[in-house]
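Subject: Structure handover and notes

Hello,

Here is the structure for your files. My notes on what was found in it follow below.

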Amino acid sequence: MRRTCPAPRPFSGARGPDQLQATAETFSADAAALAGILHGLVGDVERALGEPLEVFPVAHHSPSSALHMLRRLQARPPRAIYLECCEDLQACLELLPECKLPVALQAFASRAEAFPSAWAPLSVVCPITEFSAEQQVIAYCMQHPECELVFVDRSVDHWFQWKPQDDHALEADLPEEAQDDGDDAGLHGSALGVQIGALEPTFRQFSETLVKNARVAHFSEWWDQYVEEAAVDAGYQDYRQIYFLIGSLFRRLGSRDRDREEDEKRERFMWTRIKQHLQANSIDPRD
């Protein structure tokens, strides 16, 4: 028998356009623009909560995410879990029981004849820590083989194939601080590394404004104080609403256009892989 939790009605009483407009007029000189953003945030959360396939929002390496993931798995064991990680890195999991956390799944090539020579060596890493929802999922599926784990993000080759094929294309993936200061924040060894699972917003002005108004020194301090601490003791549905809301906020105000475009391409790829697996294995999305 399928056990389900009733879907909550987020932001009860706050959805009305008059109330959102009044809120916007209180906090902004450009009330119409802010009201549009607020409506968008509410709509994003409702759409995510309404997906038949349950979406679990995470912050990478977050104790709150790991705890809620563990509780969710214990409450209602799923038939399959789809994880945002390069599909061809899943083979690395066979070696994970021999490792001591933290570790990183890595694809590395010292030469890459199919790509610009300036890109070499190539590296893609996916860090895994004990305080990680991903680690909880991996460990659960290893202990419960009846629950299938499926990596659904594009392959490592796809990642590089989707980039403009010129010598300087990968430089755009360096953190803004690394581009300005010339440090090695984006490097792994001697390779320009691609890290799956970045959290900090990429739009510097938004991030700086967030930190300044919260009166904290760094984004990580803001995250811990205003998100992590609020979510760790919340109920499961409240946790999902909080993280969906933060994700929508970052996507609308904390990401550059090219980041959003790349995210949307990745998401279309992942949804396609998910639908293919559901259909091939006759799995109800609600399971």
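A residue is called buried here when its relative accessible area is under 20%, exposed when that area is over 50%, and partly exposed in between. Please keep in mind that this is a predicted model.

Helices H3 and H2

By that cut-off, the buried residues of H3 are Ser64, Ser65, Ala66, His68, Met69, Arg72 and Leu73. The helix runs over residues 63-75, and its 13 residues reach 18 Å from the first C-alpha to the last, close to the 18 Å expected. Strand E1 (80-86) and helices H4 (133-143), H8 (219-232) and H9 (236-253) are among the elements that cover the buried residues of H3. At the N-terminal end of H3, Ser62 acts as a cap, with a side-chain oxygen 3.2 Å from the backbone nitrogen of Ser64.

Helix H2 covers residues 31-49 and has 19 residues; its reach of 27 Å is close to the 27 Å expected at 1.5 Å a residue. Its buried residues include Ala31, Ala35, Leu38 and Gly40. Ala35 lies 9.4 Å from Gln19, C-alpha to C-alpha, with their positions 16 residues apart in sequence. Gln19 itself is in helix H1 (residues 17-27). Its relative accessible area is 43%, so Gln19 counts as partly exposed.

Strand E1

Of the seven residues in E1, six are buried. E1 pairs with strand E4 (residues 148-153) in the parallel sense, over five bridges. One bridge sets Cys86 against Asp153 in E4.

Arg240 in H9

Which side chain of opposite charge is nearest to Arg240? That is Glu54, 4.7 Å away; Arg240 is buried and has no salt bridge. The cut-off for a salt bridge is 4 Å between a side-chain nitrogen and a carboxyl oxygen, so a distance of 4.7 Å does not qualify. Arg240 does have polar partners: its side chain reaches the backbone oxygen of Val55 at 2.9 Å, and a 3.3 Å polar contact joins it to the side chain of Gln237. Beyond its sequence neighbours, Arg240 also touches residues including Ala48, Leu49 and Pro57. Glu54, for its part, is linked with Arg72 and Arg76 in a network of salt bridges.

Salt bridges around H10

The whole structure has 13 salt bridges. In one of them, Glu262 pairs with Arg154, with the closest N and O atoms 2.9 Å apart. This pair links distant parts of the chain, 108 residues apart: Glu262 is in helix H10, and Arg154 is in the loop between E4 and helix H5 (156-161). Arg154 has a relative accessibility of 2% and therefore counts as buried.

Glu262 also meets Lys163 in a salt bridge, at 3.0 Å from N to O. Because Lys163 lies in the loop between H5 and helix H6 (176-181) while Glu262 is in H10, this pair ties together parts that are 99 residues apart in sequence. Lys163 is buried too, with a relative accessible area of 10%.

Another salt bridge joins Asp259 and Arg258, where the closest N and O atoms are 3.8 Å apart. Asp259 is buried at 16% relative accessibility, whereas Arg258 is partly exposed at 36%.

Arg260 is also in H10, which spans residues 257-280. Its side chain makes a polar contact of 2.3 Å with the side chain of Asp257. Outside its neighbours within four places in sequence, Arg260 is in contact with Arg251, Arg252 and Ser255.

Regards

Notes:
Residues are numbered from 1 along each chain as its sequence is written. This is a predicted model: local features need pLDDT of at least 70, side-chain atom pairs count only at pLDDT 80 or more; totals for chains, interfaces and linings use all residues. Side-chain values use heavy atoms; hydrogens and water are left out. Helices (H or I, at least four residues) and strands (E, at least two) are DSSP runs, numbered from the N terminus. The expected span of a helix is 1.5 Å times one less than its number of residues. Buried means under 20% relative accessible area, exposed over 50%, partly exposed in between (1.4 Å probe, protein chains only). Contact means heavy atoms within 4.5 Å. A polar contact is a pair of N or O atoms within 3.5 Å; within protein, one must be able to donate a hydrogen and the other to accept it, and residues adjacent in sequence count only if both atoms are side-chain atoms. Lys and Arg count as positive and Asp and Glu as negative; His and the chain ends are not counted. Two strands pair if DSSP finds at least two bridges between them.
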